[in-house]
Amino acid sequence: MKMFSVAHKTVFVVDHCPYMAESSRQQVECDVLTKSRAQGVIPLAPVSKSLWTCAVECSMEYCRILFDVYPKDKLVNYIVSDSEFHILNTWRREDQSTHELMSALSAVGPPNPREDPECCSILHGLVAAVEALCKITELQHEKRTALMDTAERVANRGRIICLTNAKSDTHVRMLEDCIQETISEQNKLAAGSDRLMAIQQCDLVLVHIYPQGEETLVSDRPKKEISPLLTSEVHSVRAGRHLASKLNILVQQHFDLASTTITNIPMKEEQHANTSANYDVELLHHRDAHIEFFKSGDLHMAGTSTRENGVKETMTLKWCTPRTNSIELHYCTGAYRISPTDVNSRPSSCLTNFLLNGRSVLLEQPRKSGSKVISHMLSSHGGEIFLHVLNSNRSTLEDPPSISEGCGGRVTDYRITDFGEFMRDNRLTPVAESSHNPSGKLPVERAKAQLERYTRYWPMIISQTTIFNMQAVVPLANLIVKELLTEEDLLTCQKTIYNLVDMERKSDPLPISTVGSRGKGPKRDEQYRIMWNELETLVKTHAGATDRHQRVLDCIIACRSKPPEEEERKKRGRKREEREDRTEKNGSKEAEDKSWQESERLKGLLEKEDQESEVIKDSPDSPEPLNKKPRLISEDVQPPERAKGPATLLSMWTNRITVANSRKHQEFFGRAGSVNSKFELYQHLKEENGIDTHENGKAAR
């Protein structure tokens, strides 16, 4: 990781040639402060600033905001160019203040309109700016000293902001070529010096300033790469308030700043001391102060407004009446320095003085309804004002919330186990720089690409998916997210699809969720239709990766297009299921009637057989019956059950199964020779003791 970004060094090059003394033609009224004018007094004529004055004021405002928000690690070098260059300060920390720059600018003075324009050029200042970027700052020297073995990690990058009045687009290209040649020459000198560093990246921001009422001769151009070391962008701006707005936007883009507008600030009127009015103050700070809005998606709740034709955005926060007791502590997640956009306005001055006196102000998000949400706080520490970010959500110091308290409400069937596997598959590990191939993607880019592939289709809830609940689909789901598929992977995916086709042919059940639905859920055909649709959705998200991914999708489409006879068989199956459902719903009464009739018929048969068996047993001349297989009906149906009335469906079905099973095996000897389903045990012991036994199992002495 390279240290020091382009924002570490900024060089301002301001044109001091005679043509910068031209009027900006934006008039400033000087007579507006006079309350009453005596008769005969001629009113003051309006004045207009020169192009030089507009450039100096706007560039100093740029530096003021930069020094307020980044007082240490962002440095500015100010250069004025006419017949020669004038360096007004250095990279040293004691020179980084608006006071030093204003003192140096007062010594330079305004441009001389009578000076020879041929002797003056902005090129002198641009060459000096490149030389200044090669010089080592104190922070760079400290890092190089601390990292002697890996000093190459300390990068040297910078930005040049040129404020001039260019002649044409050709003139702009000539300036870019001059800077590119100067960078190459200075890098050669820095290679043989310990006090210089080669420039690894330089951003040129050329701002063409022209008076109001004239047509510009230079066209705007977005950032463009001139060479691997130089990028350039051109802004054509009218002098005056338009230039001030442009540099205000550029300082936000260059240093990752954001805007917050404090509304409804109560302030007493100067003319009427007993009354007060509400004012707004715009503050600039680091963009991270709005990170909670971006995370929660509450940008609309924070009152986002757009200014300058859609270029500049500001977040609106509402003033809360400050507490008299400032000892109260708040759970703060960040503190960022602020800088007022209009530092000389009365509302900004009053707010600044109010905070520097030790007061704190809570800021709330403007909401049309609901409870008040206090998200930020303004307070000063050590003479500097900070915007504090207050935690408006659940504190990390509390117990972790239940999973049912998440964004989904009372949802409990999250795919927690699958998400654990997902995290293991996408775990980040350090990569040595020596093992990285410079020609290929960076490891972090490969990791982001893999995470994007894995999350193209990943349902979070078990009830929202079918294929991820099926073990049969796991091989395909694990392979289809790969960046490249081998021929073996393609065969595995096709085999998985054919197995699903075979499951559908056998009408195997699927793990379809029935949460929130009544009855038995969707039909079997509808279940498979849902499964195929989801599988096709999963594969379609990856079909454009390679040709083998597309072949997997083609296989699914081919298997889903069934032949006519298969469709006819499905229709017959659906009709049969519908008939069975109607039978289950409407046939309960018929089943009860049939059960009654069947039980009466069985009861009559059992009584008839009992009468015949009693006649045989009671006859003294009847021979002993042979040991044969007993009648099943008389054996299985117990006499107590006959007296209970009609048989149930369960008993009828049990009798039927018992009869069928008894025909499949030979009856036990004891049961076959029993009397009244009773058989006497240990008969051989009684014979040895001289006890006779009769056939009916009773002993005779």
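## A tour from the sheet to the salt bridges

Select Thr10 first: Thr10 stands opposite Arg159 in β6. The model is predicted, so local features need pLDDT of at least 70 and side-chain atom pairs count only at pLDDT 80 or more, while totals for chains, interfaces and linings use all residues. Residues are numbered from 1 along each chain as its sequence is written, and side-chain values use heavy atoms, with hydrogens and water left out.

**The sheet**

Now select residues 9-15, strand β1, and residues 157-164, strand β6. These two strands run parallel and are joined by five bridges. Strands (E, at least two residues) and helices (H or I, at least four residues) are DSSP runs, numbered from the N terminus. Two strands pair if DSSP finds at least two bridges between them.

Widen the selection to the open sheet of seven strands, in the order β5-β4-β1-β6-β7-β9-β8, with mixed pairing. Which strands stand at the edges? They are β5 (85-87) and β8 (221-227); each has a single partner strand, so one side of each is left without a neighbour in the sheet. From one strand to the next, the twist averages 20°. Axes are lines fitted to C-alpha atoms, for helices over the stretch in contact, and angles run from 0 to 180 degrees between N-to-C directions.

Add helix α5, residues 169-191, which packs on the sheet and touches β7 (201-210), β8 and β9 (230-238). Contact means heavy atoms within 4.5 Å. The direction of α5 makes about 145° with that of β9.

**Helix α8**

Go to residues 346-356, helix α8, where Pro347, Ser348, Leu351 and Leu355 are buried. These residues cover an arc of only 100° around the axis, which puts them on the same side of α8. The arc is that of the directions from the helix axis to the C-beta atoms. Buried means under 20% relative accessible area, exposed over 50%, and partly exposed in between (1.4 Å probe, protein chains only). Just after α8, Gly358 takes a positive phi of about 95°.

**Two loop residues**

Most residues other than glycine have a negative phi. Select Asp256, which is not a glycine but has a positive phi of about 55°. Asp256 is found in the loop between α6 (241-254) and β10 (257-268), and is partly exposed at 35% relative accessible area. Ser507, also not a glycine, has a positive phi of about 60°. Look for Ser507 in the loop between α12 (487-506) and α13 (524-540); its relative accessibility of 32% counts as partly exposed.

**Salt bridges**

How many salt bridges does the structure hold? There are 24. A salt bridge is a side-chain nitrogen of Lys or Arg within 4 Å of a carboxyl oxygen of Asp or Glu.

Select Arg424 and Glu421, whose closest N and O atoms are 2.8 Å apart in a salt bridge. They are three residues apart in helix α9 (residues 416-425), so about one helical turn separates them.

Next, show Lys482 and Asp489, which meet in a salt bridge (2.8 Å, N to O). Lys482 is partly exposed at 31%, whereas Asp489 is buried at 10%.

Last, select Lys540 and Glu536, a salt bridge of 3.4 Å, N to O. Both lie in helix α13, four residues apart, about one turn of the helix. Lys540 is partly exposed, with a relative accessible area of 48%, while Glu536 is buried at 15%. Glu22, Arg25 and Glu214 are joined into one network by salt bridges that share partners.
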